[in-house]
Amino acid sequence: MHDLNADSGGTQDSLHAMPRFTTWPDVSPDDSLWPRIVAARGRQLTKRRRYKFISGSAAVAAVAMIAIWWSSIQVGPLSESDPLASVREQSQELEREWQALADTSSLQASGFARLQGVDHALQRAYDRNADSDELAALWAQRTLILQRLVSRARDPEGVATI
């Protein structure tokens, strides 16, 4: 067997150039080494948690902003996307006013019957996807009936015909 510590004929290779230890060096670590390691690891974990929290919050905020932006593009204001919106809102306001003014026992039977007839016609028109001109005419008719019902409820003695 070859002796590694022996000189090999005047030439030294890299293996022989390194110093040889017969025993391990006696190095005792400083007493404050482990507390420093634990503290450094704690700082590292805190930094990592903070980074995850901030990046997660930023991602949630970005998704929320995109959702808000997307919904504003898709829906838009009701009056711009629906030409019948103003007529429908006026009709609904008149109906609320009429219901507030009219006593349930004194509802004008003929006016109420006509209102129900127009409501049924509107429903049928929506069911068959009628064009906006037909719907506008029906909403205008409903609004006119409600205007007359409101004026009749305000002045029961008046001569408003329905």
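Reader: Is Asn 129 buried or exposed?
Author: This is a predicted model. Asn 129 lies in the loop between H5 and H6. Exposed means over 50% relative accessible area. The relative accessibility of Asn 129 is 69%, so Asn 129 counts as exposed.

Reader: What is the phi of Asn 129 near?
Author: The residue sits in the loop between H5 and H6. Its phi is positive, in a residue other than glycine. The value is near 55°.

Reader: Which helices and strands does the protein chain have?
Author: Read along the sequence, the pattern is α-α-α-α-α-α. The protein chain has zero strands and six helices.

Reader: What share of the residues in the protein chain is buried?
Author: The cut-off for buried is under 20% relative accessible area. The protein chain has 162 residues. Buried residues make up 18%.

Reader: What share of the accessible surface belongs to carbon and sulfur atoms?
Author: The accessible surface of the protein chain comes to about 12,900 Å². Carbon and sulfur atoms account for 59%.

Reader: What share of the contacts with a separation of 6 or more comes from residues 24 or more positions apart?
Author: Take the contacts in the protein chain with a separation of 6 or more. Residues 24 or more positions apart account for 56%.

Reader: How many salt bridges does a search of the whole structure find?
Author: Side chains of opposite charge can pair when their charged atoms come close. One such pair here is Arg 36 and Asp 30, with N to O at 3.9 Å. The cut-off is 4 Å, so this pair counts as a salt bridge. For the whole structure, the search finds five.

Reader: Is Arg 36, of the salt bridge with Asp 30, buried or partly exposed?
Author: Arg 36 has a relative accessible area of 47%. Partly exposed lies between 20% and 50%. Arg 36 is therefore partly exposed.

Reader: What separates Arg 96 and Glu 93 along helix H4?
Author: Arg 96 forms a salt bridge with Glu 93, and the closest N and O atoms are 3.0 Å apart. Both partners are partly exposed: Arg 96 at 48%, Glu 93 at 43%. They are three residues apart in helix H4, residues 85–101, so the separation is about one helical turn.

Reader: How far apart are the end C-alpha atoms of H4?
Author: H4 has 17 residues. At 1.5 Å a residue, they should span 24 Å. The end C-alpha atoms agree with this, at 24 Å.

Reader: Which residues of H4 are buried?
Author: Buried means under 20% relative accessible area. Glu 93 in H4 has 43%, so Glu 93 counts as partly exposed. The buried residues in H4 are Ala 85, Arg 88, Ser 91, Leu 94 and Trp 98.

Reader: Which residue forms a salt bridge with Arg 142 at 2.4 Å?
Author: The closest N and O atoms of this pair are 2.4 Å apart. The pair links distant parts of the chain, 23 residues apart: Arg 142 in helix H6 (residues 132–154) and its partner in helix H5 (residues 109–127). Arg 142 is buried at 5% relative accessibility, while the partner is partly exposed at 28%. That partner is Asp 119.

Reader: Which residues do salt bridges join into one network?
Author: Arg 142 forms a salt bridge with Asp 119. A polar contact of 2.7 Å also joins the side chains of Arg 142 and Glu 95. Salt bridges with shared partners make one network of Glu 95, Asp 119 and Arg 142.

Reader: Leaving aside neighbours within four places in sequence, which residues is Arg 142 in contact with?
Author: Arg 142 has its place in helix H6. Its relative accessibility is 5%, so Arg 142 counts as buried. Its contacts are Ser 91, Glu 95, Leu 115, Val 118, Asp 119 and Leu 122.

Reader: How far does H6 reach from its first C-alpha to its last?
Author: H6 has 23 residues. The expected reach at 1.5 Å a residue is 33 Å. The model comes close to this, at 32 Å.

Reader: How far apart in space are Ala 121 and Leu 135, C-alpha to C-alpha?
Author: Ala 121 lies in helix H5 and counts as buried at 18% relative accessibility. Leu 135 is among the buried residues of H6. The two are 14 residues apart in sequence. In space, the distance is 9.3 Å.

Reader: Which residues form a nonpolar patch on the surface?
Author: Together they have about 470 Å² of accessible area. One of them, Trp 69, lies in helix H2, residues 33–74. The patch is formed by Ile 66, Trp 69, Trp 70 and Ile 73.

How values were computed. Residues are numbered from 1 along each chain as its sequence is written. This is a predicted model: local features need pLDDT of at least 70, side-chain atom pairs count only at pLDDT 80 or more; totals for chains, interfaces and linings use all residues. Side-chain values use heavy atoms; hydrogens and water are left out. A salt bridge is a side-chain nitrogen of Lys or Arg within 4 Å of a carboxyl oxygen of Asp or Glu. Buried means under 20% relative accessible area, exposed over 50%, partly exposed in between (1.4 Å probe, protein chains only). Helices (H or I, at least four residues) and strands (E, at least two) are DSSP runs, numbered from the N terminus. Patches are made of residues with over 30% relative accessible area and no salt bridge: like charges are joined within 9 Å, nonpolar side chains (Val, Leu, Ile, Met, Phe, Trp, Tyr) within 5 Å. Accessible areas come from the Shrake-Rupley method with a 1.4 Å probe; for residues, only the protein chains shown count as cover. A polar contact is a pair of N or O atoms within 3.5 Å; within protein, one must be able to donate a hydrogen and the other to accept it, and residues adjacent in sequence count only if both atoms are side-chain atoms. Contact means heavy atoms within 4.5 Å. The expected span of a helix is 1.5 Å times one less than its number of residues.
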